[in-house]
Amino acid sequence: MSSEGTLRATVEGSLGTTLDVDLVYETAAYERSISLADLAGSWSGSVSGLSFAIIISPSGSFAASGSDGCSVAGELTIPQLDRNMIKGDLTISGFNCSVNGTYRGLAILANNLQANDTLFIGYSNNNYGFAYQADRN
Amino acid sequence: MTIIFRFTIYILMATLVACGGGGGGGGGGGGSVTSPGVQSQNANGIWTGMTSVAGSGYSETLAFFNDGEFVAINAYWDEFYQGNYTIMVPPSVQQALRHMLLMDPMKQMEALRAS
């Protein structure tokens, strides 16, 4: 352990699995101001067998659609404007969508090729969980 | 949309043991100093590191914590964890806090009011 900025998370699962996660605090990534304007615009991502597109409005509301027929609508908020942390509440729906439901999660902005051009998103409910990387179009 | 990272749905709760610095670079939220040498334990922030499982090795991990909720993405193993967490104050900090309260009646009153 160092004098500051480290932690060990012991993750306990209901099946008896235990993980140890040793982490270092990323000051520059977290301790910076972001705004809903930084999120606004169109984003997209893809993995094997799936592509998706996200439109985020300047108010924080967003809509997304996936190539699997699922649609997403929700709201993003920034709890603390001087910190890079985004909370999300969303609903997934679709006639042929197998994961319909309400979800909540967290996201962060990251810099890849330019400032704030990448989103890391994770959200779940009691049944399903998803994690994505989305890139600004 | 379908799952990008396989979700380990049985991951329900994480227990954090933070060391110094308000649980991370000033605790993300500033690591408010409550008394000389004693800082609040606050894990809010963005963290990177390694996940280890006995017998399975290590994998790089991106994690973000906010007020009791966390998301951790473990790309190498294609896993994703989300849930709630509690923070365990290390015994050395607990001892320092007890000592401070014993020595300072005003701090005892403040602690009682805050509890």
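Colleague: Let's start with A:Tyr103 and A:Tyr123: buried or exposed?

Modeller: Both A:Tyr103 and A:Tyr123 are buried. Keep in mind that this is a predicted model. The label "buried" means under 20% relative accessible area, so that is the limit both tyrosines meet.

Colleague: And what makes A:Tyr103 and A:Tyr123 an aromatic pair, and of which kind?

Modeller: Two numbers. Their ring centres are 5.7 Å apart, and the cut-off for a pair is within 6.5 Å, so A:Tyr103 and A:Tyr123 qualify. The angle between the planes is 85 degrees. Anything over 60 degrees counts as edge-to-face, so that is the name this pair gets.

Colleague: Which parts of the chain does the pair link?

Modeller: Distant ones: A:Tyr103 belongs to strand S8 (residues 101-110) of chain A and A:Tyr123 to strand S9 (residues 118-124), with the two tyrosines 20 residues apart.

Colleague: How many aromatic pairs does the structure hold over all chains?

Modeller: There are 10. Ring pairs also build a cluster that draws on both chains A and B: A:Tyr25, A:Tyr30, B:Trp47, B:Phe65 and B:Phe70 are its members.

Colleague: On to the cysteines. How do you know that A:Cys70 and A:Cys97 form a disulfide?

Modeller: From the distance between their sulfur atoms, which is 2.0 Å. The cut-off is within 2.5 Å, so A:Cys70 and A:Cys97 pass. Over all chains, the structure holds 1 disulfide.

Colleague: What gives this disulfide of A:Cys70 and A:Cys97 its handedness?

Modeller: The torsion about the S-S bond is about 95 degrees, so the disulfide of A:Cys70 and A:Cys97 is called right-handed. As for where the pair sits, it joins distant parts of the chain. A:Cys70 is in the loop between strand S5 (61-66) and strand S6 (71-77) of chain A, while A:Cys97 is in the loop between strand S7 (86-93) and S8, 27 residues apart.

Colleague: What is the relative accessible area of A:Cys70, and what is that of A:Cys97?

Modeller: A:Cys70 has 3% and A:Cys97 has 8%. Buried means under 20%, so A:Cys70 earns the label, and so does A:Cys97.

Colleague: What is odd about the phi of A:Asn116?

Modeller: It is positive, about 55 degrees, although A:Asn116 is not a glycine. You'll find A:Asn116 in the loop between S8 and S9 of chain A. Its relative accessible area is 11%, and since the limit is under 20%, A:Asn116 is called buried.

Colleague: And what about B:Asp67: buried or exposed?

Modeller: Exposed: its relative accessible area is 62%, and the label needs over 50%, so B:Asp67 clears it. B:Asp67 also has a positive phi, about 45 degrees, without being a glycine. The residue lies in the loop between strand S6 (57-66) and strand S7 (69-74) of chain B.

Colleague: Zooming out, how many helices and strands does chain A have?

Modeller: Chain A has 2 helices and 10 strands. In sequence order the pattern reads β-β-α-α-β-β-β-β-β-β-β-β. Its C-alpha trace spans about 50 × 40 × 25 Å along the principal axes, and 43% of its 137 residues count as buried.

Colleague: How far apart are the mean positions of the positive and negative charges of chain A?

Modeller: They are 4 Å apart, for 6 positive and 13 negative charges. Chain A exposes about 6600 Å², with carbon and sulfur atoms supplying 50% of that area.

Conventions: Residues numbered from 1 in each chain as written. Chains lettered and ligands numbered in written order. Predicted model: local features only at pLDDT ≥ 70, side-chain atom pairs only at ≥ 80, totals over all residues. Heavy atoms only, no water. Phe/Tyr/Trp six-rings, centres within 6.5 Å; stacked < 30°, edge-to-face > 60°. Helix = DSSP H or I, 4+ residues; strand = E, 2+ residues; numbered from the N terminus. Buried < 20%, exposed > 50% of the residue type's maximum accessible area, 1.4 Å probe, protein only. Areas by Shrake-Rupley, 256 points an atom, 1.4 Å probe, with all protein chains shown as cover. Lys, Arg positive; Asp, Glu negative; His and termini not counted. Charge placed at Lys NZ, Arg CZ, Asp CG, Glu CD.
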